[in-house]
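Q: Please give me a close look at one part of this model, the pairing of its strands, and then follow that thread outward to the charged side chains and to the surface. I would like one connected account, with the cut-off stated for each term.

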Amino acid sequence: MELLRRPIFSLLLLLSLPISFPSISLGSAVQGEDGHREEEFTEELLLKPLPDRKVLAHFHFENTAQRTQSYGRHHHLFPKAISQLVKKFAVREMELSFTQGRWNYESWGGFDPISSSNAKPPGVELWATFDVPPDQVDASWKNLTHSLSGLFCASINFLESSATYSAPEWAFQPASGNLRYGTLPREAVCTENLTPWLKLLPCRDKAGISSLMDRPSIYRGFYHSQRLRLRPAKIIADGADSGIVLEQTLTVVLQPNGFRTKSSHSSENKIPPTWAMSSLLGRKIEGRCVLAKSSNVYLQLERGLVAELNALKENQEFVGTTVLNDDLIENPAFEISVKPDWVLKEVGNLPTGSSSLMYGYSIGKSTDSGPFDLHLTWKSPMVWSCPRPPLHASRFLMGSGNERGAIAISLRSTGLNEGLYGSNKDKESCVLPVNVFQVVPWYIKVYFHTIKVFIDEQRKAVPDVIEKIRVSPSEDKVLPGVMEMVLKLPCGVKSAAMTLEFDKGFLHIDEYPPDANQGFDIPSAIITFPNVEAAMHFNQFSSSDKSPLLSRFREKNPVQSYTEVLLVPLTTPDFSMPYNVITITCTVFALYFGSLLNVLRKRASEEERLLRAKGRSSPLSRLLAKLRRKKEVEPQSSTTSSSLFSSKLVVKIILVAAIAICWQYFG
């Protein structure tokens, strides 16, 4: 009887553990013995209408963990696979992104925190810094690439070769020691990469904001980029205990389903399409993730859109019909289905003179009455523009043929530099610094001494424009070519261009990819404006004081943009010729050995028996011959058949030998 009570007592003890020890029960944060929170998880979603009638959806998940004694072995919220990578390979900072499509800096902006931090080049981009001695950085990088390749089901292990990664010193942000950077422009992005990324979340895609990540809705967008960022953080105010922050973001640009490509009225073409969160992403938010400390949804109005809405105050058409408040919740341009819980307004020194608005929704409060679904209905035409970087960067190829060419980087003014440095643009001391970081594969032989610089379509001396430069020449099959430089451009510059000449190398036949005729990729160049910061400050309310997304907006990061990926055609052999040679050779050898084996396997006695069987008469024919008193014609002698057989054999052997000799001689 006592043995039967023990299992029941153990079961009751296990069920009472969450009640007795709240630190290990389900909750939004896990607290340690000293009362400080060891782990924390937040989820946020930002929706923003774009000027080209598209909608930006930015998912932001942040997971924080302290470096405790159990760090790397046991976690409640923080993914154990990531903590083990950090601990084993001594990773200090790391960023990994999977991107499909190219960010449109002219239509979607490039001067805000989202475009500067989450607009990534196509394919895979990975950089990491390590807390190891300099002679162990390369080994840690190779081990990290293999681990990430298996974790995210991607070809990141191709970055282990020294010919595919580089070591920037100061032109790439963050510029710190023991940094390695690599890209795979042609890496395809699919659900096999998104599923492991979602498994790192505490609720995965089963509850909360992450449940909106419907695969067909995400991958039919014009642009999507999933990003994973690891960085150190100070959990306690005095900085006694340092921790690590895992930041997961997914940026998607979607087209509303109600978009009308044609309209009978020209004024209706300027009316943005009406959209809902369920129509964009295919789902509604049923409830918050119970493990999340906060779960918020934001609707952001760009500075240009707010300026257009404020201009409606002076329009006589709407006087007396609608009163425009400072929060612009009720306006004649659009209508929101759900009233926001709070409204945030951008503050600070704004370059364009207008501020952005942020409508905030708490998922815990909104889902009490049912699933949360935000509708935005446009009622009047609206035209605005997003803030762009000071200079729009683009890159293209020059020249023709498969022998040599040139790379050109073009910088065109967007007008923002005049607003930032308008009062000092006539002074000689006013300079706009621009950092350029570019990596070229080893088979592109760049001649760095052929740099030519043009300012406002006039050629300038290189020392007058390039303040600082670092060049690492490529080495065949060992190292890529790396160029880092700082350009000092006048504040009132209208256009700037830089060209580099190169020769195209030759590859071994084993080094060509399966689609060699498509061309070879040159990774995107990175253009950074170190003196121009992409930061946004909003007046804080109690519900948004500790919002990780708004905290990232307040960080003073330099404006950064990526150029296009260049496609360079190289001299490619005709891969059909080896196929034809292999096919003909195999055919001739099959005929040769087939005939030879056929001749060698046949026996003379069996051949003679077959000939006698053919020449022998049937019993009926012999009976008729006796009745007619005629002698049956005897079959031919064996000597005749054997001589015939031997002659055929000799002819076959001579014919096969002649074919073999001709093939060896003429082939």
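A: The account below begins with one sheet, then turns to salt bridges, a second sheet and a nonpolar patch.

This is a predicted model, in which local features need pLDDT of at least 70 and side-chain atom pairs count only at pLDDT 80 or more, while totals for chains, interfaces and linings use all residues. Residues are numbered from 1 along each chain as its sequence is written, and side-chain values use heavy atoms, with hydrogens and water left out.

Five strands, in the order 16-17-23-19-20 and with antiparallel pairing, make up an open sheet. Strands here are DSSP runs of E with at least two residues, helices are runs of H or I with at least four, and both are numbered from the N terminus; two strands pair if DSSP finds at least two bridges between them. Strand 16 (391-398) and strand 20 (458-460) are the edge strands, each with a single partner strand, so one side of each has no neighbour in the sheet. On average, neighbouring strands of this sheet are turned by 30 degrees against each other, direction ignored; axes are lines fitted to C-alpha atoms, for helices over the stretch in contact, and angles run from 0 to 180 degrees between N-to-C directions.

Within this sheet, strand 17 (residues 404-413) pairs with strand 23 (residues 495-504) in the antiparallel sense over nine bridges, and Leu411 has Ala496 of strand 23 as its bridge partner. Strand 17 also pairs with strand 16, again in the antiparallel sense, over eight bridges, where Phe396 has Ala408 of strand 17 as its bridge partner. Five residues lie between the strands in the hairpin of strand 16 and strand 17, and Gly399 there takes a positive phi near 95 degrees.

Strand 17 also takes part in a contact between charged side chains. Side chains of opposite charge can pair when their charged atoms come close. Arg412 and Glu106 meet through their side chains in a salt bridge (2.8 Å, N to O), a term that stands for a side-chain nitrogen of Lys or Arg within 4 Å of a carboxyl oxygen of Asp or Glu. Because Glu106 lies in helix 3 (residues 105-108) and Arg412 in strand 17, the pair ties together parts that are 306 residues apart in sequence. Glu106 counts as partly exposed at 37% relative accessibility, and Arg412 counts as partly exposed at 39%; buried means under 20% relative accessible area, exposed over 50%, and partly exposed in between (1.4 Å probe, protein chains only).

The structure holds 28 salt bridges. One of them joins the side chains of Glu302 and Lys48 (2.7 Å, N to O), and this pair links distant parts of the chain, with Glu302 in the loop between strand 11 (294-301) and helix 9 (303-311) and Lys48 in strand 2 (residues 37-49), 254 residues apart. Both Glu302 and Lys48 are buried. Another salt bridge is formed by the side chains of Arg231 and Glu62 (3.6 Å, N to O), which lie in strand 8 (residues 223-234) and strand 3 (residues 55-66) respectively, 169 residues apart. Arg231 counts as buried at 13% relative accessibility, and Glu62 is buried with a relative accessible area of 9%. Arg231 and Glu62 also belong to a network of salt bridges that includes Glu93, Lys120 and Arg552 among its members.

A further open sheet consists of five strands in the order 21-22-18-25-27, with antiparallel pairing. Its edges are strand 21 (466-472) and strand 27 (558-562), each with a single partner strand, so one side of each is left without a neighbour in the sheet. Neighbouring strands of this sheet are turned by 15 degrees against each other on average, direction ignored. Strand 18 (residues 431-440) and strand 25 (residues 526-533) run antiparallel and are joined by three bridges, and Val436 has Ile527 of strand 25 as its bridge partner.

At the surface, Ile584, Phe589, Tyr592, Phe593, Leu597 and Trp663 form a nonpolar patch with about 550 Å² of accessible area together. Patches are made of residues with over 30% relative accessible area and no salt bridge, like charges being joined within 9 Å and nonpolar side chains (Val, Leu, Ile, Met, Phe, Trp, Tyr) within 5 Å; accessible areas come from the Shrake-Rupley method with a 1.4 Å probe, and for residues only the protein chains shown count as cover. Helix 14 (residues 576-601) gives the largest share of the patch, five residues. Phe593 lies in helix 14 and counts as partly exposed at 41% relative accessibility.
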